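Colleague: Could you walk me through this structure one question at a time? I am new to this, so please take it slowly.

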Amino acid sequence: MTDYQEYLDFLYSALAFQNKKQLVLSEDTALVADIGLSSLEVMEFIEKIEDHFDISIPLNILPDVNTIGDLAKKVRELNL
Amino acid sequence: MLFDKFQTMADFQAELAERHVKPFGAVTEKILSATEGVVEGRKVILAGTNNYLGLSYDPRCIKAAQDAAAQWGTGTTGSRLANGSFSEHQALESEIAQFYGVDHAIVFSTGYAATMGMCSTLAGPGDTILLDADSHASIYAGVKLSGADIIRFKHNNPEDLAKRLRRLGDGAGQALIIAEGIYSMMGDVAPLQEIAAVKREYGGYLFLDEAHSMGALGETGRGAAQAAGVEADVDFFAGTFSKSLGAIGGFCVSRHPELEAIRFCINAYIFTASSAPSIIASTRAALRIIREEPQLRQRLWDNAHRLYDGLKGLGLPVGPTASPVVAVEMEDRPATIACWQALMEAGVYVNLVVPPASPSTNFLLRNSVSAAHSSAQIDTIIDAYGSLVAGGLFTPTSKAH
């Protein structure tokens, strides 16, 4: 089982390209409100995570995901 | 504020009004034939109506509708489960099942209700749905209501579907896979032989929406699965009466006898009035015509090739292959709107498609071809696009890459 911090670290690195405002990312950084990801960019980001962990992330979980921390927790649950 | 979320749309509509352009909800004041009408005061060729076989204006279909209205009245005023199952509805269900060579069929009041209703009901909490990323809005609406886990696979990508089925492990055999025959916006056809092969390897149930391919593809017009020779791999076929059949309504057919129990669980079937008898009668007449006149399909494809080749010849960014839907893809919104308006002024009505209705961030001038178009009409459409190119309305930056 991968540690929560490892999920966070992967998400930070996966977001590097899309972090156009060069924000200092933390688990409280909001994907849309802070980083400004478009819906298409969110889907590309999700796909990157899916391929890295070899999982599928159901669309249903996305309404509950606002921050990088929310997503790290969901991905950890799915990868258990 | 409750209304804040609508501000972007209100601004867009205001922008269109300021430019005196009305691409959404343009009013048709008169229908002159299956391919000509008066829209917003202009006589235009109808090149965005999905009337693939031109049957909306076929005298046999019109007569059938008139006779049925006289015999049965204008509406059923009730649900199929209450007073709204007339013998006409039952007859159409038998005929559509027979057309597909299966035993079970449900007729819905709209195509949207058919796909939304089936997708919201077939899978439920604890189940998994795998759907093509470019699926129609009615499919997305349905799966969202289902309560199942919703997983998208890349559009027309059987490898991605296989990867996601593999990730489900033992659950793959119970998954519901959703694809379409011809995709409505770009006109591309699903690689159904490959999708069927993936399904055979991993298991699952395949639901195929043939809304834009029924009547257009396949030896007897059953659609993309028939054309690909994989009908035995499809568990549920859905479709609409509002395109090739020229009326309104939808259907789902299946070889699975369970469809008869499913019928009583679909809210979009139970809690809405059934189709007016006139609609059912014209649909039955149109289905007979599809069976008896395969030359209509040939004419449709001749016209599709003529338009596709013509637009491609102008250097316009169209899809990879000819299809009854020919979409010209552009990146720039003002340029696309200007082109749409110029086409109207040239006497050609097409669909303007903006995201999220288009499958990417691009804008579309979406043309749909009919068997009823004459060669001269197709050439007029091509000439209208040619004038846009000559007039510099299509610039390298306005074209999508």
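Modeller: Gladly! One term before we start: two strands pair if DSSP finds at least two bridges between them. Please also keep in mind that this is a predicted model.

Colleague: Thanks! Then which residue in β14(B) does B:L352 stand opposite?

Modeller: Let's begin with the strands themselves. β13(B) and strand β14 (residues 363–368) of chain B run antiparallel, and 3 bridges join them. Across this pairing, the residue in β14(B) that faces B:L352 is B:L365.

Colleague: In what order do the 3 strands of that open sheet in chain B come?

Modeller: The pairing in this open sheet is antiparallel. β11 (325–330) and β13 (351–353) of chain B each have a single partner strand, so they stand at the edges, with one side of each left without a neighbour in the sheet. From one strand to the next, the twist averages 25°. The order is β11-β14-β13.

Colleague: Which helix packs on the sheet?

Modeller: Look for a helix of chain B that touches β11, β13 and β14 of that chain. Its direction makes about 30° with that of β14(B). The helix covers residues 333–345, and its name is α13.

Colleague: Where in chain B is B:P356 found?

Modeller: This residue has a special link to its neighbour: a cis peptide bond joins B:P355 and B:P356. The omega angle there is about 5°. As for its place in chain B, B:P356 is found in the loop between β13 and β14.

Colleague: Is B:N156 buried or exposed?

Modeller: First find B:N156 in the loop between β6 and α6 of chain B. Its phi is near 55°, a positive value in a residue other than glycine. A residue needs 20 or more other C-beta atoms within 10 Å to count as buried. B:N156 has 21 such neighbours inside 10 Å, so the word for it is buried.

Colleague: And A:Q22, is that one buried or exposed?

Modeller: A:Q22 sits in the loop between α1 (4–15) and α2 of chain A. Its phi is near 55°, again a positive value in a residue other than glycine. The cut-off for exposed is 12 or fewer other C-beta atoms within 10 Å. A:Q22 has 7, so it is exposed.

Colleague: Now the place where the chains meet. Which element gives the most to the side of chain B that touches chain A?

Modeller: The contact takes 7 residues from chain B and 7 residues from chain A. On the side of chain B, β6 (149–153) and α6 (158–168) each supply at least two residues. By class, that side has 2 nonpolar, 1 polar and 4 charged residues. The element that gives the most, with 4 residues, is β6(B).

Colleague: How many helices and strands does chain A have?

Modeller: Follow chain A from the N terminus, and its elements run α-α-α. That pattern matches the count for the chain: 3 helices and 0 strands.

Colleague: What is the radius of gyration of chain A?

Modeller: The C-alpha trace of chain A spans about 35 × 25 × 20 Å along its principal axes. For 80 residues, the globule rule gives 12 Å. The value for chain A is close to that, so the chain is as compact as a globular protein of that length; its radius of gyration is 11 Å.

Colleague: And what is the radius of gyration of chain B?

Modeller: Chain B comes to 14 helices and 14 strands, and its C-alpha atoms fill a box of roughly 60 × 55 × 50 Å along the principal axes. Buried residues make up 53% of its 401 residues. A compact globule with 401 residues would have a radius of gyration near 21 Å, and chain B agrees, with 21 Å.

Colleague: Last one: which helix of chain A has the highest mean pLDDT among its elements?

Modeller: Chain A averages a pLDDT of 90, and 98% of its residues score at least 70. Among its elements, helix α2 (residues 39–53) has the lowest mean, 90. The highest mean, 94, belongs to the helix at residues 68–78, which is α3.

Notes: Residues are numbered from 1 along each chain as its sequence is written. Chains are lettered from A and ligands numbered from 1 in the order in which they are written. This is a predicted model: local features need pLDDT of at least 70, side-chain atom pairs count only at pLDDT 80 or more; totals for chains, interfaces and linings use all residues. pLDDT is the predictor's confidence in each residue, from 0 to 100. Two residues are in contact if their C-beta atoms, placed from the backbone, lie within 7 Å. Ala, Val, Leu, Ile, Met, Phe, Trp, Tyr, Cys and Pro count as nonpolar, Asp, Glu, Lys and Arg as charged, and the others, Gly among them, as polar. Axes are lines fitted to C-alpha atoms, for helices over the stretch in contact, and angles run from 0 to 180 degrees between N-to-C directions. The radius of gyration is taken over C-alpha atoms; the globule rule is 2.2 Å times the number of residues to the power 0.38.
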